[in-house]
Amino acid sequence: MKKMLAVAMSILALTFASYTVRESRCADAAKDDKQTSAGAMTVVGFSQVGVESDWRMANTQSMKKAFSEKKGYKLIIKDAQQKQSRQIAAIRDFIAQRVDYIVLAPVTEEGWDKVLREAKDAGIPVIIVDRMIKTSDNDLFTCWVGSDFRKEGGTAVIWMEKNLGSDKDLHIAHLQGSMGSSAQIGRTEALQAGVSKNPGWRMVASDSGDFTQAKGKEVMERILKQYPQIDVLYCENDNMAFGAMEAMDEVGRTYGVKGATKIISFDATHAGLTATLEGKINFNVECNPLHGPRVEEIIRRLKTGERPAKLAYVDEAAFDATVITQAELDQREY
């Protein structure tokens with residue numbers, strides 16, 4: 001009886017040991033699979049300015065499409081709600097998470113040195129998109145991809161000179177974007193240079209609409225109450241132009257190709273070009289938001305040890321309401 005009990009106990013012990021080994025192997029295999037899966041994913045942290053405009057939302061969608069899980073990426077997006085403090089906090093969070101790359105669409109140009117040095121010390125490349133930044137050390141960021149905003153503004157001024165007259169008296173109202181942003185700085189500098197160059201041009205009003213439709217309408221309402229004559233409305237993006245048009249509609253001011261006020265806008269979104277095709281916006285300068293593929297190409301090149309160009313300007317077009325076609329509108333991806 002004792003012998004049989006001893007045999008039974010031995011069999012039970014062997015069975016338990018075998019089960020424990022199998023469980024351990026399964027656990028190790030699951031752990032290895034998880035590590036392999038996580039290791040294969042490239043983690044990208046993206047600090048986006050916000051959702052203030054159609055352009056911005058198209059920019060975010062471009063990033064999502066470029067950095068999909070299907071393509072081997074994990075994209076972490078943090079919305080800054082147009083506040084630099086939130087972007088700095090987001091970058092520090094990305095550093096703590098040990099992401100592979102940081103992509104920053106900065107709300108303003110200055111104030112980045114400290115947090116970007118933290119990213120550099122952590123060995124995380126930072127790619128700037130859309131707006132430019134000013135730093136004491138250009139090595140604090142790896143690459144920049146975006147638009148030449150000064151050139152965009154210059155394109156608009158040339159159109160004004162050619163179509164509205166360089167020596168004609170023009171009363172100009174100016175809706176600026178978020179103050180301190182590269183887009184606002186470049187487009188504003190171009191208009192100011194145009195006003196200085198053309199003695200008949202007079203800037204009667206200039207205020208920030210923060211690139212939003214609601215704020216654009218609010219600012220335009222104030223301008224319309226103060227100034228009975230506005231020959232040109234220079235809007236630094238489509239959404240502010242839409243808000244300004246709402247304000248003009250409410251008080252019976254005419255605008256566009258057949259109206260008293262000529263509208264210059266920037267972005268050339270699908271909605272903006274629709275308004276241009278309809279003759280509501282006279283001239284619209286493109287600002288291409290589809291940066292996702294460009295940033296992914298930079299990251300792929302960095303992975304192979306290449307050194308991409310420090311600055312990469314995107315190609316952009318401009319559209320005149322008198323010559324734009326439906327085909328050009330149909331080609332808009334944003």
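## A term to start with

A crossing of two helices is called left-handed if the near helix is turned anticlockwise from the far one by less than a right angle. The term is used below for one helix pair in this predicted model.

## The crossing of H8 and H9

Helix H8 covers residues 238-251 and helix H9 covers residues 270-277. Their axes come within 9 Å and cross at roughly 50 degrees. Angles from 35 to 65 degrees fall outside the roughly parallel and roughly perpendicular ranges, and H8 and H9 are therefore oblique to each other. The crossing of these two helices is left-handed.

Which residues make the contact between H8 and H9? On the H8 side they are Asp238, Phe242 and Met245. On the H9 side they are Ala271, Gly272 and Ala275. Sorted by class, this contact has 4 nonpolar, 1 polar and 1 charged residues.

## The parallel sheet

One open sheet has 6 strands, in the order S2-S1-S3-S4-S5-S11, and its pairing is parallel. Strand S2 (73-79) and strand S11 (311-313) stand at the edges; each has a single partner strand, so one side of each has no neighbour in the sheet. On average, neighbouring strands here are turned by 15 degrees against each other, direction ignored.

Strand S1, made of residues 42-48, pairs with S2 in the parallel sense over 7 bridges. In this pair, Val43 stands opposite Lys74 in S2.

## Helices on the parallel sheet

Helix H2 (residues 54-66) packs on this sheet and touches S1, S2, strand S3 (101-104) and strand S4 (126-130). The direction of H2 makes about 175 degrees with that of S1. An angle over 145 degrees counts as roughly antiparallel, so H2 and S1 run roughly antiparallel.

Helix H3 (residues 84-97) lies across S1, S2 and S3. H3 runs at about 150 degrees to S2.

## The mixed sheet

A second open sheet is also formed by 6 strands, in the order S7-S6-S8-S9-S10-S12, and its pairing is mixed. Which strands stand at the edges? They are strand S7 (201-208) and strand S12 (318-320). Each of these has a single partner strand, so one side of each is left without a neighbour in the sheet. The twist from one strand to the next averages 15 degrees.

Within the mixed sheet, strand S8 (residues 232-235) and strand S9 (residues 262-267) run parallel and are joined by 3 bridges. Val232 stands opposite Lys262 in S9.

Definitions and conventions: Residues are numbered from 1 along each chain as its sequence is written. This is a predicted model: local features need pLDDT of at least 70, side-chain atom pairs count only at pLDDT 80 or more; totals for chains, interfaces and linings use all residues. Side-chain values use heavy atoms; hydrogens and water are left out. Two strands pair if DSSP finds at least two bridges between them. Helices (H or I, at least four residues) and strands (E, at least two) are DSSP runs, numbered from the N terminus. Axes are lines fitted to C-alpha atoms, for helices over the stretch in contact, and angles run from 0 to 180 degrees between N-to-C directions. Contact means heavy atoms within 4.5 Å. Angles under 35 degrees count as roughly parallel, over 145 as roughly antiparallel, 65 to 115 as roughly perpendicular and the rest as oblique. Ala, Val, Leu, Ile, Met, Phe, Trp, Tyr, Cys and Pro count as nonpolar, Asp, Glu, Lys and Arg as charged, and the others, Gly among them, as polar.
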